[in-house]
Amino acid sequence: MNQIDTLQTEERRYPPPPEFAAQANARADIYGRDFDELWRTEAGRLDWLEPWHTLYEWEAPYAKWYVGGKLNVCFNCVDRHVEAGLGSRVAYHWEGEPGDAETITYADLQRRVVRFANALRELGVRKGTPVAIYMGMVPDLPVAMLACTRLGAPHTVVFGGFSADSLSSRMNDMGCEVLVTQDEAWRRGTTVPLKRTADEAMAVAAGVRACLVVRRTGGEVPMTDGRDRWLDELDVADDPESCPCEPMDAEDLLFLMYTSGTTAKPKGIVHTTAGYLVAVATTHDYIFDLKADRDVYWCAADIGWITGHSYIVYGPLANATTSVIYEGTPDFPDKERWWAIVERYGVSILYAAPTAIRAHMKWGPEHAGKHRLSSLRLLGSVGEPINPEAWVWYHEHIGGGRCPIVDTWWQTETGMIMITPLPGVTTLKPGSGTQPFPGVDAAVYDESGNEVGPGGGGYLVLRRPWPAMTRGIYGDPERFQQTYWSRYPGIYFAGDGARIDEDGDFWLLGRVDDVMNVSGHRISTIEVESALVDHPAVAEAAVCGRNDALTGQAIVAFVTLKGGHEGSVEMLEELRNHVAEVIGPIAKPANVLFTPELPKTRSGKIMRRLLRDVAENRPLGDTTTLADPTVVEEIRERSTAGGPDE
């Protein structure tokens, strides 16, 4: 990918509000800190059982951080806060979908984690025992994770929406011996049969010898004698002295997080102990400007993804944060649900995905307008590039025009946020991730490995190690080398495109396979999508390319309109012309398909791969991760039925 030929310009600027800057955790001089000094100092956030002697060792593609050090993650996330007199501080406000609610202090959390860890010990879990966790967004999910870390047992959390095949493949790859699940989960007022799905998975995961089951709905589920145990029926202690924290080496395996592969089995991304915990605690503190004694922080992701691991569980708890966990969806039982939660708990920091923001934008600001959102002081975005108009809507209607927005870029593989504004320091630009986090050496390269200067686009790379970086793909070093390190030897290739503007700020362009070649012009899908969402009638858009005999590729746009607007030939032409005005005539979509919904994963990402299948009239690829698999079939039917999109 050479320079992206069609670049939108963004003239709007949002300098840091002076009153915010005056109290911000980050100061401008943080960017001048020496790399080694930065990460040496930040390691002091944690309590170490044995001090480390070497900051890092680096021989691409493998790094070790805080070499020689020993610590325990659970102790740093729970026990030390209780010992410091913070036992009465709220760790989590939990909101269940049917209206259940629970407030859990750090002292409560410690007792629950100890009890859970002792239950796992009853099932034979010891240091090094691989454990799978397959649960919904209930308090016992982070409790189970922390219990594993207390014992030194590495875990893999499998998102509760995944199929039995997805669960079994991950358990088999990691060699899991124990599975933690729950009877059922709630979703949109109905139950999801997690234990029954887990039974299907265990039938083909021969290494799983025990299953610990948490009650959530109270529904009847099958239990296999000798293998399955109810958590609440085990008579185990909750006294911390009954289950001391296991000392762990800095590089001991903490967890595997599986990411989907397009042509192969999911990749087990390896994250280890000390570097990861230092990095997520540090980034959480600076990027979200955390005031742990008074902030209420809500990362509206699922713990089953890396965002939930880093910025719902490990980073926030290491910083003694009060967080919100929500079991349900943004629009059940109504479209005010999120804003009622913000009002009820006085949420001050909200971190959400662009897809959720665009959904609220589609539903209209009147739902947020019914609730007091004055407690909010900082907003965040995560998951994919955010369209400038969605950014501005978020800023104005949710943040009241007063809240800085941290638009963050990072990956499962990076473990921590890598490109982000620092609130109180950075002048914001809607749609731009702005600058690499201090100490992160990010750049944009062309096809030949030359660095692209301001105004240019190309491949996003990382040129220096960082503490939370993955230590590999579990059991597959060759795939790790080929996937991330083969394009530019010794340099991490993220798989994303980016450009750098004249100010040196980064603009993320999505996956490199989401760049279209139209008559020799390379056009980013995210920029065409942003141009479409810029139109006042458009709520959401996804764009892909299809083969075209004349132009090489033609642009196909899938558009969801806001309420009150109808798809028509006139609207089609209006949108095509609007894109031409914003970007240029070369970026006009050849086809526009109006659809009520876009195909999304359960974590909220738009599945552009499936839209490419529709555009090319190919058989659909894997749809198991979709929140609603019927959406893509409906889009396929619309695409073959004809109408205003022809």
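**Briefing: strand β16 and the aromatic pairs**

Strands β16 and β17 (residues 322-326) run parallel to each other and are joined by 2 bridges. This description rests on a predicted model. The points below cover the surroundings of β16 (residues 296-299), then the aromatic ring pairs, and finally the charged groups placed over rings.

**Strand β16 and its neighbours**

- Within the pairing of β16 and β17, V296 has T322 of β17 as its bridge partner.
- Between these two strands the chain passes through α9, and the resulting β-α-β crossover is right-handed.
- Strand β18 (residues 349-352) also pairs with β16 in the parallel sense, here over 3 bridges.
- In that pairing, C299 is found opposite Y351 of β18.
- In a regular strand, side chains alternate between the two faces of the sheet.
- In β16, V296 and W298 lie on one side and Y297 and C299 on the other, and all of them are buried, so that both faces of the strand are covered.

**Aromatic ring pairs**

- The model contains 33 aromatic pairs.
- One of them joins W48 and Y66, whose ring centres are 5.6 Å apart; because the planes meet at 55°, the pair is classed as tilted.
- W48 belongs to the loop between α2 (35-42) and β1 (54-59), while Y66 belongs to strand β2 (residues 62-67), so this contact ties together parts that are 18 residues apart in sequence.
- W48 is partly exposed, with a relative accessibility of 22%, whereas Y66 is buried at 0%.
- A further pair is formed by Y276 and Y314, with ring centres 6.1 Å apart; the angle of 80° between their planes makes the pair edge-to-face.
- Y276 is part of helix α8 (residues 274-287) and Y314 of helix α9 (residues 306-318), so the pair ties together parts that are 38 residues apart in sequence.
- Y276 is buried, with 1% relative accessibility, and Y314 is likewise buried, at 0%.
- Helix α9, which contributes Y314 to this pair, is also the helix through which the chain crosses from β16 to β17.
- Elsewhere, ring pairs connect W58, Y62, W466, F480, Y484, W485 and Y492 into a cluster.

**Charged groups over rings**

- R464 places its charged end over the ring of F35, at 4.2 Å from the ring centre.
- R487 is positioned over the face of F493, and the distance to the ring centre is 4.8 Å.

How values were computed: Residues numbered from 1 in each chain as written. Predicted model: local features only at pLDDT ≥ 70, side-chain atom pairs only at ≥ 80, totals over all residues. Heavy atoms only, no water. Phe/Tyr/Trp six-rings, centres within 6.5 Å; stacked < 30°, edge-to-face > 60°. Helix = DSSP H or I, 4+ residues; strand = E, 2+ residues; numbered from the N terminus. Buried < 20%, exposed > 50% of the residue type's maximum accessible area, 1.4 Å probe, protein only. Lys NZ or Arg CZ within 6 Å of the ring centre and 35° of its normal. Pairing = 2+ DSSP bridges. Right-handed = clockwise from strand over helix to strand, strands pointing away.
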